[in-house]
Amino acid sequence: MNSEKLSHTTNDIRQSGINPNHWYVVATSQEIKTQPLEVKLWNQNIVLFRDSLGKIHALENRCPHRQVKLSHGKIISDYLECAYHGWQFNNQGECVIVPYLEDKQKLPKNCKIREYSVKELDGFIWLFPGDTSNLIQPLAIPEWDNLNYIATVSVIHYQGHFSFLIENLMDMYHGHLHQDLQAWTDAQLEKIEETPNRVDAYYQAQSYYKIDKIWSISQLFFPGLRKLHPEPLTVSYIYPHWVSTLGEYFKIYCLFCPISLTETRAYLIHFTSLNAFLRLHKLPIKFRRFVKDLCFGSAQKLLDGLVKQDIIMIEEEQQAYLENPQQKGYEFNPTIASVQRLIQNQVKP
Ligand code: FES
Ligand SMILES: [Fe+2]
């Protein structure tokens, strides 16, 4: 893109809230077993738990008796029991049992905590904190169950505003930071498309990986097998999440859970495609499922390494902002302005 000009960035965006009328990812499916789990989404403390059928429920994490966290409690035949005095709550957040109630005493009236809309989908727990009359569909991750994709998941948990992470993920010029991990290099922005709900940025880059032979997977472990070649690199901010494709071989998602103005959690999912191996597709489904499960996490070292390097930069940006919120920056990548416009438009009243 030859229209790239130097611009000055301001920091108002670091005070921006979220649009609650979207699905956010608050946990992985695996994180919720038989115990209730505490999660946080944009200053709200929430408890997740499974009923006896394994279905997920989400309630405000506060016992209305004495305001302690319900996540310290346990599940007693589908009810969530508070650890302190044993009051029990149903899936809708209503108090249904006070264990020491005397015969002539009644359950407190309107003793109810907030229930959240929650879904378990594609290996993650999705929560909708907004107005449920507006329910939309969560972002689809078709690769999660597709036998031709090998997944790796890494958690990004840092002290900083969510805008720093999405700006990092949309600005592919930061491949410079990851040189020693050989992820991609020489990115060049070709085009940006903006709509009210998404920003798509199209880059050309040099990739080190080509997964077109069965042994190519070993490139993930042995740097000597990697060779630079050009590939299209597309990154999309599909508010509030991020999706990227690098050539035909990789698809990466980043699922956001903004916790507060200064804390963010996100799940990075890396998929390696096995689409090029036609012979593999003829094998029995059971075997292919076995291979998919066996290879789960094969890019863990690479992914965790990238995340670590990014977190150092992002947390430093947040610190610099807190020390001097008025400090302006210099920016050549117009994708940053597009991302900030999208965040601002989403929270407009
Ligand atoms: S504080 Fe929860 S039962 Fe008393
Ligand atoms: Fe990065």
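**Helix packing and strand pairing in the predicted model**

In this predicted model, Ser163, Ile166, Glu167 and Met170 of helix α1 meet Thr335, Ile336, Val339 and Ile343 of helix α5. The residues of this contact comprise five that are nonpolar, two that are polar and one that is charged. Two packed helices are described by the angle between their axes and the distance between the axes. Helix α1 spans residues 162-170 and helix α5 spans residues 335-347; the two pack at an angle of about 140°, and their axes are 9 Å apart. Because angles over 145 degrees would count as roughly antiparallel and those from 65 to 115 as roughly perpendicular, α1 is described as oblique to α5. The crossing of α1 and α5 is right-handed.

A second region centres on strand β11. This strand, formed by residues 124-128, is mostly covered, with five of its five residues buried. Both of its faces are covered: Phe124, Trp126 and Phe128 are buried on one side, and Ile125 and Leu127 are buried on the other.

Strand β11 is paired with strand β2 and with strand β10. Strand β2 (residues 24-28) runs antiparallel to β11, and four bridges join the two. Within this pairing, Thr28 has Phe124 of β11 as its bridge partner; Phe124 is also among the buried residues of the strand. Strand β10 (residues 115-121) pairs with β11 in the antiparallel sense as well, over five bridges, and here the bridge partner of Glu120 is Ile125 in β11. Strands β10 and β11 form a hairpin in which two residues lie between them, and Asp122 in the turn has a positive phi of about 50°.

Definitions and conventions:
Residues are numbered from 1 along each chain as its sequence is written. Chains are lettered from A and ligands numbered from 1 in the order in which they are written. This is a predicted model: local features need pLDDT of at least 70, side-chain atom pairs count only at pLDDT 80 or more; totals for chains, interfaces and linings use all residues. A residue is buried if 20 or more other C-beta atoms lie within 10 Å of its own, exposed if 12 or fewer, and partly exposed in between; C-beta atoms are placed from the backbone. Two strands pair if DSSP finds at least two bridges between them. Axes are lines fitted to C-alpha atoms, for helices over the stretch in contact, and angles run from 0 to 180 degrees between N-to-C directions. Angles under 35 degrees count as roughly parallel, over 145 as roughly antiparallel, 65 to 115 as roughly perpendicular and the rest as oblique. A crossing is left-handed if the near helix is turned anticlockwise from the far one by less than a right angle, and right-handed if clockwise. Two residues are in contact if their C-beta atoms, placed from the backbone, lie within 7 Å. Ala, Val, Leu, Ile, Met, Phe, Trp, Tyr, Cys and Pro count as nonpolar, Asp, Glu, Lys and Arg as charged, and the others, Gly among them, as polar.
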